[in-house]
Amino acid sequence: MISGHTLALSIVVAALAVGCKEKPAGDAAPASPAPPGAVKITADENGFKPSSVSFKKGETATLVFTRTTDDTCATEVVFPELDVKKDLPKGTAVTIDIPTDKDRKLTFQCGMGMYKSSVVIN
Ligand SMILES: [Cu+2]
């Protein structure tokens with residue numbers, strides 16, 4: 001199940017890789033310090049890493065995204081269920097607070113809907 005998903009994703013990534021770099025390289029800004037308890041997520045040529053994060057219901061949950069390469073489609077991160085979309089400038093930590101008021105699984109992905117990843121709250 002996981003391998004099938006990964007394979008399908010790889011094909012999509014390969015097919016779109018050429019047309020996926022829409023932004024020029026910017027100067028890397030210094031990363032701001034992450035709040036305590038935050039989970040760091042790297043956006044690189046393989047997508048988001050880790051691709052699955054879990055938080056306890058009711059606890060403060062923060063994700064800190066940092067893009068480390070220009071060779072990726074993940075120049076922004078989108079949380080469709082939260083209606084959140086943030087640019088990920090290379091080398092800059094971008095903090096997103098995750099609501100943990102109820103059990104659920106949230107998806108996050110790049111702007112084109114590839115690199116699907118998840119946050120589980122339970
Ligand atoms: Cu993409």
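**Copper site and two open sheets**

Cys110 has a relative accessibility of 0% and therefore counts as buried. In this predicted model, the SG atoms of Cys110 and Cys73 coordinate the copper ion at 2.0 to 2.2 Å. The strands discussed below belong to an open sheet of four strands and an open sheet of three.

**Copper site**

- Cys73 also counts as buried, because its relative accessibility of 5% falls under the 20% cut-off.
- The copper ion is held through Cys73 (SG) and Cys110 (SG); Cys73 lies in the loop between S4 and strand S5 (76–79), and Cys110 in the loop between strand S8 (104–108) and strand S9 (117–121), so the pair ties together parts that are 37 residues apart in sequence.

**Four-stranded sheet**

- The strand order is S2-S1-S4-S7, with mixed pairing.
- Strand S2 (47–49) and strand S7 (93–98) form the edges, each pairing on one side only.
- From one strand to the next, the twist averages 25°.
- Strand S4 (residues 61–67) runs antiparallel to S7, and six bridges join the two.
- Leu63 stands opposite Ile96 in S7.

**Three-stranded sheet**

- This sheet has the order S3-S9-S8, and its pairing is likewise mixed.
- Strand S3 (52–55) and S8 each have a single partner strand, so one side of each lacks a neighbour in the sheet.
- Neighbouring strands are turned by 20° against each other on average, direction ignored.
- Four bridges link S3 and S9, which pair in the parallel sense.
- Ser52 stands opposite Ser118 in S9.

Key: Residues numbered from 1 in each chain as written. Predicted model: local features only at pLDDT ≥ 70, side-chain atom pairs only at ≥ 80, totals over all residues. Heavy atoms only, no water. Pairing = 2+ DSSP bridges. Axes fitted to C-alpha atoms, helices over the stretch in contact; angles between N-to-C directions. Donors = N, O, S within 2.8 Å, 3.2 Å for Na, K, Ca; no water. Buried < 20%, exposed > 50% of the residue type's maximum accessible area, 1.4 Å probe, protein only.
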